[in-house]
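This report looks at the enclosed and open spaces in one protein model, and then at the sheet, the helices and two loop residues.

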Amino acid sequence: MIQYKINEDLAEETGIHLGDGSMNIYKGRAFYTVACHWRDDRAYMDDFILPLIKKIYGKTPKPRNWSKGSYGFRICSKEIIKFKSEVLDLPLGKKINARIPEQSLCNDSLMIAFIRGLYDTDGSLTLWKTNNKLYPRIFFLNIAKDMVEQVKMFLLKKGFKVTEWKTEYKEKNWNTAYKLSINGEKMLKKWVEEIGFRNPKNIQKLKLFDLNTKFYK
């Protein structure tokens, strides 16, 4: 089995995987897929995710539009799926029982990279207008309860103020969603300085605040 290098690039790609990715084995073929929003995340996919996949795995997948308004790629590779499932312990199929790989949990720099990838896919930076002023909220939602708890505990350890709640849906076959929110300009500045964003849609929103964005240059 190929042993891919455990580093910040891989940790961030793993966060992307557990945000907007999936992997499975179908009729003996192993597939790894990442699908983001066809419009909002296109630049993020083309300019960051695809070069990252090339850098880590030596693969150059061709992106395409998927059904239901998504845009991304699919790789057929038993070696990548074997590494992800056996070394990183990532799940095949549904990610409801997903957990952060142990290699990242015990290393702060890897955790920061992981969370950045996770939030740039499954999270969002939202701006609420209140009292004629924009109020920022960094929001995250996922169905993997254990993983959300791991993220929350790390963010608390790093001094972030985190609000947590869950939503249970009445619709059949809808999984309970676990949500985290980090609110306010002070916390946004701390996020930019310590974790940051790669997704252009989030970086564009930062321009509405007078923040130092040299991190991204």
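In this predicted model, helix H1 supplies the largest share of the lining of the largest cavity, namely three residues. The elements that contribute two or more residues to this lining are helix H1 (8-20) and helix H4 (102-105). The lining as a whole is made up of Ile6, Asn7, Leu10, Ala11, Thr14, Leu88, Pro101, Gln103, Ser104 and Leu110. Sorted by class, these lining residues are six nonpolar and four polar, with no charged residues. The space inside the largest cavity comes to about 40 Å³, and the count of cavities of 30 Å³ or more is one.

The largest pocket, with a volume of about 440 Å³, is lined by 17 residues, and those nearest its centre are Gly19, Lys95, Asp122, Asn142 and Ile143. Two or more residues of the pocket lining come from each of H1, strand E1 (21-26) and strand E6 (133-142). Here too H1 gives the largest share, three residues. The pocket lining includes charged residues, four of them, beside six nonpolar and seven polar ones. The table sets out the two spaces by volume and by the class of their lining residues.

| Space | Volume | Nonpolar residues | Polar residues | Charged residues |
|---|---|---|---|---|
| Largest cavity | about 40 Å³ | six | four | no charged residues |
| Largest pocket | about 440 Å³ | six | seven | four |

Strand E1, which contributes to the pocket lining, also belongs to an open sheet of four strands, arranged in the order E1-E2-E4-E3 with antiparallel pairing. Because E1 and strand E3 (64-65) each have a single partner strand, they stand at the edges of the sheet, and one side of each is left without a neighbour there. In general, the strands of a sheet pair through backbone hydrogen bonds, in either a parallel or an antiparallel sense.

Within this sheet, E1 and E2 run antiparallel and are joined by six bridges, and one of the residue pairs involved is Ile25 with its bridge partner Ala30 in E2. Strand E2 (residues 29-37) is paired in turn with strand E4 (residues 70-76), again in the antiparallel sense, over seven bridges; Tyr32 has Ile75 of E4 as its bridge partner.

Two helices lie across strands of the sheet. Helix H2 (residues 42-57) lies across E2, E3 and E4 and runs at about 15° to E4, whereas helix H3 (residues 78-87) lies across E1, E2 and E4 and runs at about 80° to E2.

Two loop residues deserve a separate look for their backbone angles. E1 and E2 form a hairpin with two residues between them, and Lys27, in the turn, has a positive phi of about 55°, although Lys27 is not a glycine. With a relative accessibility of 71%, Lys27 lies over the 50% cut-off and therefore counts as exposed. Asp89, placed in the loop between H3 and H4, likewise has a positive phi, near 60°, in a residue other than glycine. Asp89 also counts as exposed, because its relative accessibility is 60%.

Note on methods: Residues numbered from 1 in each chain as written. Predicted model: local features only at pLDDT ≥ 70, side-chain atom pairs only at ≥ 80, totals over all residues. Heavy atoms only, no water. 1 Å grid on protein atoms, 1.4 Å probe; cavity = no way out; pocket = protein on both sides within 12 Å on 5 of 7 lines; lining within 4 Å. Points joined across faces, edges and corners; volume = space filled by probe spheres on them. Nonpolar A, V, L, I, M, F, W, Y, C, P; charged D, E, K, R; others polar. Pairing = 2+ DSSP bridges. Contact = heavy atoms within 4.5 Å. Axes fitted to C-alpha atoms, helices over the stretch in contact; angles between N-to-C directions. Buried < 20%, exposed > 50% of the residue type's maximum accessible area, 1.4 Å probe, protein only.
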